[in-house]
Amino acid sequence: MAVETFDPIIRLFWEGRCRSHWHEGPRRIYDCLLDYVSAGEYELAIGGVRHVLTTGSVTIVPPGIRSEGRVGTGRSAVRHCIHFSWNSDYIGRMPPLQTHADEPFRTEVAHPVPPAIAARLPLVWRAEPGDFLAMQLRTLLNALRKNQEHAPLQLWPVLRYLLALNEKPAFSAATTSAAKAVFDVKSFIDTHYYEEIGYGDFCELTQMSQSYLCEIFHHIVGTPPALYLNDVRLQHARRLLREEKLSIKQIARTIGVRDANYFARLFHKRFGVTPSAYRSSH
């Protein structure tokens, strides 16, 4: 079953240590929650099913389902929690983050989850030290701590990777080297997006053919490398339009696009407005 497209929007991020005897719940949330345990151990019951979450555990809890967490005696857990929506359909719905499980849950204002994705939730997985998921989570958390605008772009491959675990068994067993190649290309794009880079650079970096690289990159990140590069560039362009007094042509060149007209077409296709109109409204 193919996973529907999504464009995650982060609603809230928090992280901290939950100490001995800490107890949360029972509750139901109005958006989705990604919960990552970077150290320690705690118990999380999702829909009545108890999970012992240890270092590296990642969970996605959907809206409306009862959950309850606790830390045992003498234990603690370092948690990193991201409340997010899969797309912008939640706009106009401003519910609280959560409600106690014995209180009414307003389904009509819960943030919607695409049906193909909802069928896979809740999700519980464990990231191994040094694997693609662990590296990508570290990148995501660093972006969130710095309040970087492109943080949702870092959340996207994390979600896509987790969803893909059950999508293609042949790929979910992909070698560590293949996953690392995807991470290397993605990191290269994130740091060199303003240069004239393309598949020649990506293939040289990974020593993979373009077709195979596209296939595994699309499987893990959710889009081919070229489209991911465009999205990174456009997110930076949007920031420059708000914060800098550069011309449209200068902004295009700053993000690595040499043709200002082509940049304008890309921007309009991605955000539904021209660069000039976006700048005027912000």
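In this predicted model, helix 3 and helix 7 sit roughly perpendicular to each other, because their axes cross at roughly 95 degrees. Helix 3 covers residues 151–164 and helix 7 covers residues 210–221, and the two axes come within 6 Å. On the helix 3 side, the residues that do the touching are W156, P157, R160, Y161 and A164. Their counterparts in helix 7 are H218, H219, I220 and V221. Sorted by class, this contact between helix 3 and helix 7 comes out as six nonpolar, two polar and one charged residues.

Helix 7 also packs against helix 6, which runs over residues 199–206. Here the angle is about 85 degrees and the axes are 10 Å apart, which makes helix 6 roughly perpendicular to helix 7. Y199, F202, C203 and T206 are what helix 6 brings to this contact, and they meet Q210, L213 and C214 of helix 7. The class count for helix 6 with helix 7 is five nonpolar, two polar and no charged residues.

Helix 7 turns up once more in the surroundings of V182, a residue of helix 5 (residues 176–192). V182 has a relative accessible area of 0%, so V182 is buried. Setting aside neighbours within four places in sequence, V182 is in contact with F132, I216, F217, I220 and V221. One of these, F217, is 35 residues away from V182 along the chain, yet the C-alpha atoms of the pair are separated by 5.5 Å. Two of the names on that list, I220 and V221, are also among the helix 7 residues that meet helix 3.

As for the nonpolar interior, the largest core has 54 residues. L34, F84, W86 and L162 are the ones with the most contacts inside that core. L162 gives a good look at how it is put together: beyond its neighbours within four places in sequence, L162 is in contact with L34, V58, I60, L123, W125 and L133. There is also a second, separate core of 13 residues, with L234, A237, L241 and F271 among its members. In soluble globular proteins, nonpolar side chains do tend to be buried together.

Burial is not reserved for nonpolar side chains here, as N230 in helix 8 (residues 225–243) goes to show. N230 has a relative accessible area of 17%, so N230 counts as buried. Leaving out residues up to four places away in sequence, N230 touches Y262 and L266.

What about the cysteines? The disulfide count comes to zero. For C81, the closest cysteine sulfur belongs to C18 and lies 7.2 Å away, so the pair is too far apart for a bond. C81 is buried all the same, with a relative accessible area of 1%. C203 is likewise in no disulfide, and its nearest cysteine sulfur, that of C214, is 7.4 Å away. C203 counts as buried at 17% relative accessibility. This pair has already come up, since C203 and C214 are both part of the contact between helix 6 and helix 7.

The backbone has a few quirks of its own. Two peptide bonds are worth a look, starting with the one from G25 to P26, which is cis with omega near -10 degrees. P26 is in strand 2 (residues 23–29). The bond from L121 to P122 is cis too, with omega near 0 degrees. P122 is found in the loop between helix 1 (115–118) and strand 9 (123–126).

Positive phi values outside glycine include that of H21, at about 75 degrees. H21 lies in the loop that links strand 1 (9–18) to strand 2, and at 57% relative accessibility H21 counts as exposed. N147, which is not a glycine either, has a positive phi near 55 degrees. Its place is in the loop between helix 2 (132–145) and helix 3. With a relative accessibility of 70%, N147 is exposed as well.

Key
Residues are numbered from 1 along each chain as its sequence is written. This is a predicted model: local features need pLDDT of at least 70, side-chain atom pairs count only at pLDDT 80 or more; totals for chains, interfaces and linings use all residues. Side-chain values use heavy atoms; hydrogens and water are left out. A nonpolar core is a set of buried Ala, Val, Leu, Ile, Met, Phe, Trp, Tyr and Cys residues joined through side-chain atoms within 4.5 Å. Buried means under 20% relative accessible area, exposed over 50%, partly exposed in between (1.4 Å probe, protein chains only). Contact means heavy atoms within 4.5 Å. Axes are lines fitted to C-alpha atoms, for helices over the stretch in contact, and angles run from 0 to 180 degrees between N-to-C directions. Helices (H or I, at least four residues) and strands (E, at least two) are DSSP runs, numbered from the N terminus. Angles under 35 degrees count as roughly parallel, over 145 as roughly antiparallel, 65 to 115 as roughly perpendicular and the rest as oblique. Ala, Val, Leu, Ile, Met, Phe, Trp, Tyr, Cys and Pro count as nonpolar, Asp, Glu, Lys and Arg as charged, and the others, Gly among them, as polar. A disulfide is a pair of cysteine sulfur atoms within 2.5 Å.
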